[in-house]
Amino acid sequence: MAKILMKGNEAIAEAAIRSGCRLYFAYPITPQSELIEYMARMMPKVNGTFLQAESEVAAINMVYGAAGSGKRVMTSSSSPGISLKMEGISYIAGAELPAVIVNVQRGGPGLGDIQPAQGDYFQATKGGGHGDYRLIVLAPASVQEFADMASEAFELADKYRNPVMILADGMLGQMMEPVEFKEALTDAEIEELPKKHESWCICPNEDGDKKHHHEINSLEIDPVVLEKHVTKLYEKYAEIEKNEISYERYNISDDNEVLCVAWGTASRIVKSAINEVKKDGKSVGMIRPIKVWPYPYEAIAQAIGPKVKKVYVFELNTGQMLDDVKIAVAGKVPVEFWGKVGGVVFTPAEIKEKLEACFKE
Amino acid sequence: MEKISYRPESLTQTPFTYCPGCLHGVAHRLIAEAVDEHGLINKMAGVAPVGCSVFAYKFFNFDMAEAAHGRAPAVATGIKRARPDMHVFTYQGDGDLAAIGTAEIVHAANRGEKISVFFVNNAIYGMTGGQMAPTTLPDMKTTTSPYGRDTDDIGYPIRVCELLDTLVSPYYIERVSLLSTADILRAKKAVSKAIQYNKEGRGFTFIEFVSTCPTNWGLDPLKARTWAKENMLPFFKLGCFRDKGAE
Amino acid sequence: MARTTVDPKFCKGCGLCIEDCPKKILRFSENINDKGYHYAECFAQEECIACKICYITCPDVAITVEK
Ligand SMILES: Cc1ncc(C[n+]2csc(CCOP(=O)(O)OP(=O)(O)O)c2C)c(N)n1
Ligand code: SF4
Ligand code: SF4
Ligand code: SF4
Ligand SMILES: [Mg+2]
């Protein structure tokens, strides 16, 4: 398939449809509006459901119902709307339902602004909703990767019966880049997808007189039973941590003087800066977590080369992933942070300046 | 001898967790009987959000989803859209439906979502211990209106059937009571009609049950029925507000 | 001939059936069930007219009526 020039918001929508998503519930918000609008245009053409809900709260609960029915379902929003979805996400995690949630982050807190930011890292990776649960969180850094993550997100959601978030930002949502789509699932393939869930999900009982009684539920009033349930969830999360960590190693070598850690849009800018300092004969490596949960702690620890003076974290927030990097580095070398907030995005030149300061130290 | 009245197949063998004499059980039975009557046990899904009926997923003998407070109409929408061949209902209390879930119910009704909603109005928050509900009567004492509901301060009870009746899309809206055997028989007809319309995919159907909460009203089950007849029925008038199937 | 039986497993002794039975042939048993309720019982089966009112009124679906 030839590459098409597309906005990230549209690319993720198209890729979700190609991945067999036929149910989409959402509420408009900038900077993800192209996503909901694309779904409004395209879902009817594939006999899918597009429903503009009365709120993000309603949308995520529609997702809960559809996911409880074993079908591939997606919702999307931007930061303030994701806050409203947190209740539903906690229920989806508790009831172990497969669902995909896209967050095209903007500046916060509160209404914030509509420019790109990475301020929802804590919310996405450390909870956000109430209770002991985890989201699998994918963090794209290009429009192509954003699109590729659609099928990956649905597969992970199906495999682990867990909500999966794609944590993008306004920059990736709005930016146009060439993207190549995977081949779309056929109608027959899509029809097969929910079959693997039909032992537990809401579905007609085709089996004549053998009634079934499936419960979609996150309530366990008996503390001993709830403890068992949450323990089982944690065993699942441990399994995910074992199998699903993904990251990119960029320019990692024994010559590295600084090791950068950055994710999403921020990592693209850091990459440019790394290439710039390379021209001056300086070696800087970068670990880019592709999933921010489960987190690549070991990969970061291993990437600290013999000459690394410092691990430098760059984010479009006030230092949220920083905590995870510190856990990974475990005091071996100093960890420094620099970020921009409020929808202001740093430039490669600014990052370069920060790196150069390290070489002088 | 032949059994002429017995536990419907659509109820499990799990005893209800409701207080003695609580009429949630009657509403459950009517729904279960209607599901049996219309032969839908293999294609039925119910959604019960929090409230005393949050355990309804254990009581109905078909697929059930528990839902967050007030969100059942949204969850039911998701199920119905994902599985159009299933028949879906919600079962909601008055605190759930008429307070925290006001947006969800109004918009599900307004979309004409092809689901049935069973709404149990006992003028109180039962599960959490008898706090004021949006349906609590004027001057009625509850744990959060200890001096009686002050309508100047907090407004009048919401009449949900009347509210939904202002919308164009709903197909069938009726208010019934569970306060006497005669009323229960009328309620049975209404529930059966709602489930029949649901089976036929006609549109949004809504049944409000005027019910009781003996425990939090501080009355025995018999007195609770009498109190509700005398105090709730004058404010919450029984009757059919809308039946597009009969037009 | 009619028979009304109350399943003690479901009965919570609320008394609604006892109040509503037109023949007044239901009462609380002297025995209690597992939950400690004095469950309802029919003490004069021969007078039962199989009107089903007890079944209709029972919130715990504890009653079976046969004819
Ligand atoms: C988000 C949220 N807020 C509050 C509660 C606590 N809560 C549980 S049930 C309930 C009220 C239920 O009242 P109603 O819907 O009238 O049902 P009833 O118990 O009277 O049948 C409340 C406030 C909750 N579970 N979730
Ligand atoms: S608290 Fe009230 S509504 Fe809840 S089960 Fe008891 S009597 Fe019924
Ligand atoms: S069927 Fe009628 S007469 Fe017989 S016990 Fe029940 S209420 Fe009484
Ligand atoms: S109405 Fe039902 S629960 Fe109440 S006493 Fe009679 S049989 Fe028992
Ligand atoms: Mg109530």
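How many residue pairs are in polar contact across the interface of chain A and chain B? Keep that question in mind as you load the model, which is predicted.

**Start with the whole interface.** Color chain A and chain B separately. Select the residues in contact: 35 come from chain A and 36 from chain B. Together the two chains bury about 2,900 Å². Carbon and sulfur atoms carry 57% of that area.

**Pick out three residues.** On chain A, select Glu54(A), Ile202(A) and Lys211(A). These lose the most area to chain B on that side, together 21% of what chain A buries.

**Stay on Glu54(A).** Show its side chain along with that of Arg111(B). The two form a salt bridge, with N to O at 3.0 Å. Across the interface there are four salt bridges.

**Now the polar contacts.** Here is the count asked for at the start: 20 residue pairs, both residues at pLDDT 80 or more.

**Switch to cartoon on chain A.** Five elements give two or more residues to the side that touches chain B: strand E2 (23–26), strand E3 (49–52), helix H3 (56–68), helix H4 (79–94) and strand E9 (215–216). Select H3(A) next. This helix gives the most, with seven residues. Then color the chain A side by class: 17 residues are nonpolar, 12 polar and six charged.

**Finish at the strands.** Select E9(A) and strand E3 of chain B, residues 63–67. Two bridges join them, and the strands run parallel. Zoom in on Ile216(A). Its bridge partner in E3(B) is Ala65(B).

Key
Residues numbered from 1 in each chain as written. Chains lettered and ligands numbered in written order. Predicted model: local features only at pLDDT ≥ 70, side-chain atom pairs only at ≥ 80, totals over all residues. Heavy atoms only, no water. Contact = heavy atoms within 4.5 Å. Buried area = accessible area lost by both parts, 1.4 Å probe. Polar contact = N/O pair within 3.5 Å; in protein donor to acceptor, adjacent residues only side chain to side chain. Helix = DSSP H or I, 4+ residues; strand = E, 2+ residues; numbered from the N terminus. Nonpolar A, V, L, I, M, F, W, Y, C, P; charged D, E, K, R; others polar. Pairing = 2+ DSSP bridges.
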